[in-house]
Amino acid sequence: MEALFPYLLPYLILTQWFIRLTPNRRHTSSRLQLYLKTYGISALGGFPTGAATIAFLKKSKQISAKEANGLLSICHSPSPLFVIGFVGYDLLNDTMFSWRFLILYHVVSLIILFFFYRSSKKEHFDFTMVTSEKIPKPQNPFISSIKDSVPTVLVVGSTLVFFTTIYTVVMHTISTFIPTIHNSLILLTAASLEMTNGLQIASQLFTSESTILYLLLAAFLTSQSLSIHMQVAVLAKTERISLRPYVALRFLLTLLIPALYYVLFLL
């Protein structure tokens with residue numbers, strides 16, 4: 001938790017501020033512009049700011065339920081500050097992997113976003129069906145962004161504390177009852193519960209095997225962990241956003257991103 005929060009907290013507030021400084025384009029015909037804006041906010045803020053942004057857009061009737069379901073699965077990525085700062089500088093002492101991963105991840109995600117836009121373009125979203133009730137404009141967008149970031153911070157903090165506790169208990173239980181367990185199983189258990197722990201253990205176990213290390217880091221950063229998925233689920237539930245496209249795309253990208261990284265940068 002101490003590794004993730006310093007990189008995540010500033011973006012949680014700044015991205016909420018950016019949303020409120022951007023005019024409400026509820027009646028715009030340019031869906032692609034709205035999609036790109038949403039993706040840009042999520043790409044800068046990292047998870048779970050994408051889920052928080054999409055929940056806000058659906059609540060304010062700027063996107064439909066089907067659009068929210070699709071965007072939730074696409075607009076979900078680790079923040080560049082976390083990937084470059086924590087993974088690049090703290091773990092690897094080299095940012096080359098971080099830059100390559102971010103470029104690859106966002107290129108693939110933007111391609112998927114474009115195809116989603118093309119498919120959703122065929123279905124007309126009738127803005128006249130949206131309630132005419134206007135969202136009250138905050139007097140101070142920055143103060144409002146801080147206040148509205150509190151629920152997200154609480155969700156992030158509580159899930160991190162919960163899964164960090166579970167991780168500590170599970171690791172202690174394994175070391176006590178199964179002291180001869182293979183390191184790979186410890187790594188997978190840690191990464192599935194809390195991503196930062198998996199990243200740290202991988203960097204320690206495979207320091208001299210850069211190919212395996214980079215593939216593991218790419219896989220963990222793409223698949224994330226139960227703690228992150230729980231945060232997204234809680235935020236999505238507030239606006240009844242379906243998680244099925246989100247889960248399906250996680251599986252797809254977890255296979256695709258490491259494979260592409262290996263072909264493009266390691267062969």
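**Exercise 1. Determine which residue just after helix H2 takes a positive phi, and describe the helix that precedes it.**

Just after H2, Gly-46 adopts a positive phi of about 75°. The structure is a predicted model, in which local features need pLDDT of at least 70, side-chain atom pairs count only at pLDDT 80 or more, and totals for chains, interfaces and linings use all residues. Residues are numbered from 1 along each chain as its sequence is written, and side-chain values use heavy atoms, with hydrogens and water left out.

Step 1. Helices are DSSP runs (H or I, at least four residues), numbered from the N terminus. H2 covers residues 31-45, 15 residues in total.

Step 2. The expected span of a helix is 1.5 Å times one less than its number of residues. From first C-alpha to last, H2 reaches 21 Å, close to the 21 Å expected.

Step 3. Buried means under 20% relative accessible area, exposed over 50%, and partly exposed in between (1.4 Å probe, protein chains only). The buried residues of H2 include Arg-31, Leu-34, Tyr-35 and Gly-45.

**Exercise 2. Identify the side chains that meet in a salt bridge, and state whether they are buried or exposed.**

Step 1. The criterion is a side-chain nitrogen of Lys or Arg within 4 Å of a carboxyl oxygen of Asp or Glu. By this rule the count is 1 salt bridge.

Step 2. Glu-67 and Arg-31 form the pair, at 3.1 Å from N to O. Glu-67 lies in helix H4 (residues 65-74) and Arg-31 in helix H2, 36 residues apart, so that distant parts of the chain are linked.

Step 3. Glu-67 is buried, with a relative accessible area of 6%. Arg-31 also counts as buried, at 11% relative accessibility.

**Exercise 3. Locate Leu-199 in the largest nonpolar core and in its helix.**

Step 1. A nonpolar core is a set of buried Ala, Val, Leu, Ile, Met, Phe, Trp, Tyr and Cys residues joined through side-chain atoms within 4.5 Å. The largest has 60 residues, and Leu-199 is among the five that touch the most other members, with Val-87, Phe-97, Phe-101 and Leu-221. Helix H6 (residues 96-121) supplies the largest share of this core, 9 residues.

Step 2. Contact means heavy atoms within 4.5 Å. Beyond its neighbours within four places in sequence, Leu-199 contacts Phe-82, Phe-86, Val-87, Leu-91, Leu-217, Phe-220 and Leu-221.

Step 3. Leu-199 is one of the buried residues of H9. Helix H9 (residues 195-205) is largely enclosed by the rest of the structure because 8 of its 11 residues are buried.

Note on methods. Helices (H or I, at least four residues) and strands (E, at least two) are DSSP runs, numbered from the N terminus.
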